[in-house]
Amino acid sequence: NKLQGVSDELVRHQEHLEELIGQRTRALAESEEKFRLISTHAQDAIVIVGNDERVTYWNPAAEKLFGYCEADVRGRNVSLLMPEPHRSRHDGYLERYARTGEAAVIGRGREELGLHRDGATFPMQLSVGEIKQSGLQGYVGIIRDLTEVRRAQEQVRSLEEQLLHADRLVILGELTAGIAHEINQPLTAIA
């Protein structure tokens with residue numbers, strides 16, 4: 001009877017543990033699905049790299065921005081996406097960070113140049129965060145293409161230059177009219 005009581009208790013514990021495992025498994029699946037939905041529909045590129053600087057995750061916006069499909073970059077060094085001199089210096093940046101804790105980009109956002117698959121460079125806003133969670137270590141980069149922003153800024157600068165030139169022409173026209181008036185006054189008096 002005592003043995004039956006212990007056996008029943010073990011069965012209840014096993015059922016309770018199985019229920020907990022089921023709940024956590026469902027919660028993990030829901031969390032993974034939320035991440036997948038967010039990253040799949042994000043307008044900005046999301047790139048995750050491990051401590052070895054190799055790409056482990058690449059969302060559709062990154063495919064569009066850099067021109068590589070995920071299969072082309074998974075497992076490759078993230079420096080593939082950088083023009084020189086950053087490409088050859090990148091490994092040193094992360095080694096220095098690991099050694100000193102001094103971050104140049106990590107935890108901050110800054111403007112950089114990205115390198116498209118076709119070799120073209122483009123301006124981008126890069127924000128890098130460090131990932132440290134239950135054995136998982138690496139970095140997540142959120143990247144926004146600034147090409148259209150720079151194009152609009154250049155257009156504004158060009159329009160400002162045209163406006164300044166037009167202002168100069170107006171001033172020149174007023175000056176010319178004033179000079180013509182001053183010359184006409186004595187001529188009118190003589191005639």
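# A tour of two pockets and a sheet

Start by selecting Phe35, Ile46, Ile48, Thr56, Tyr57, Ile131, Gln133, Ser134, Leu136, Val140 and Ile142, the residues that line the second largest pocket. Keep in mind as you look around that this is a predicted model. The space inside this pocket comes to about 370 Å³. Which elements give two or more residues to the lining? They are strand 1, strand 2 (55-58), strand 4 and strand 5. Strand 5 has the largest share, three residues. Now try colouring the lining by residue type: eight residues are nonpolar, three are polar and none is charged.

**Stop 2: the sheet**

Next, switch to a cartoon view and show the strands. Five of them form an open sheet in the order 2-1-5-4-3, and the pairing is antiparallel. Which strands stand at the edges? Strand 2 and strand 3 do; each has a single partner strand, so one side of each is left without a neighbour in the sheet. From one strand to the next, the twist averages 35°. While side chains are on display, remember a general pattern: in a regular strand they alternate between the two faces of the sheet.

**Stop 3: strands 1 and 2**

Zoom in on strand 1 and strand 2, which pair in the antiparallel sense over three bridges. Select valine 49, and opposite this residue you will find valine 55 in strand 2. Then follow the chain through the hairpin that these two strands form, with four residues between them. Pause at glutamate 53, in the loop between strand 1 and strand 2. What is the sign of its phi? Glutamate 53 has a positive phi of about 70°, although it is not a glycine. As background, most residues other than glycine have a negative phi.

**Stop 4: strands 4 and 5**

Move over to strand 4 and strand 5. How many bridges pair them? Strand 4 and strand 5 pair in the antiparallel sense over ten bridges. For one facing pair, select leucine 126 together with isoleucine 143 in strand 5. The hairpin of strand 4 and strand 5 has two residues between the strands, and serine 134 in the turn has a positive phi of about 35°. You have met Ser134 already, as one of the residues lining the second largest pocket.

**Stop 5: strands 3 and 4**

Now display strand 3 with strand 4; their antiparallel pairing runs over seven bridges. Two facing pairs are worth selecting here. Glycine 109 stands opposite serine 127 in strand 4, and arginine 110 stands opposite leucine 126 in strand 4. Five residues separate strand 3 from strand 4 in their hairpin, where glycine 119 in the turn has a positive phi of about 95°.

**Stop 6: helix 4 and the peptide bond before it**

Bring helix 4 into view. Where does it lie? Helix 4 lies across strand 3, strand 4 and strand 5, and runs at about 145° to strand 3. Just to one side in your tour is proline 85, in the loop between helix 3 (70-73) and helix 4. Show the backbone of glutamate 84 and proline 85: the peptide bond joining them is cis, with omega about 10°. In general, most peptide bonds are trans.

**Stop 7: the largest pocket**

Turn on a surface and look for the largest pocket, which holds about 490 Å³ of space. Its lining has 27 residues; select Met82, His90, Val105, Leu126 and Val128, the closest to its centre. The elements giving two or more residues to this lining are strand 1 (45-50), helix 4 (86-100), strand 3 (109-115), strand 4 (121-133) and strand 5 (136-145). Which element gives the most? Helix 4 does, with six residues. By type, the lining of the largest pocket divides into 20 nonpolar, three polar and four charged residues.

**Last stop: a salt bridge in helix 1**

Finish by selecting arginine 12 and glutamate 9, both in helix 1 (residues 2-41). They are three residues apart, about one turn of the helix. Their side chains meet in a salt bridge, at 2.4 Å from N to O. Side chains of opposite charge can pair when their charged atoms come close. How many salt bridges are there? The count comes to twelve, taking a side-chain nitrogen of Lys or Arg within 4 Å of a carboxyl oxygen of Asp or Glu.

Notes. Residues numbered from 1 in each chain as written. Predicted model: local features only at pLDDT ≥ 70, side-chain atom pairs only at ≥ 80, totals over all residues. Heavy atoms only, no water. 1 Å grid on protein atoms, 1.4 Å probe; cavity = no way out; pocket = protein on both sides within 12 Å on 5 of 7 lines; lining within 4 Å. Points joined across faces, edges and corners; volume = space filled by probe spheres on them. Nonpolar A, V, L, I, M, F, W, Y, C, P; charged D, E, K, R; others polar. Pairing = 2+ DSSP bridges. Axes fitted to C-alpha atoms, helices over the stretch in contact; angles between N-to-C directions. Contact = heavy atoms within 4.5 Å.
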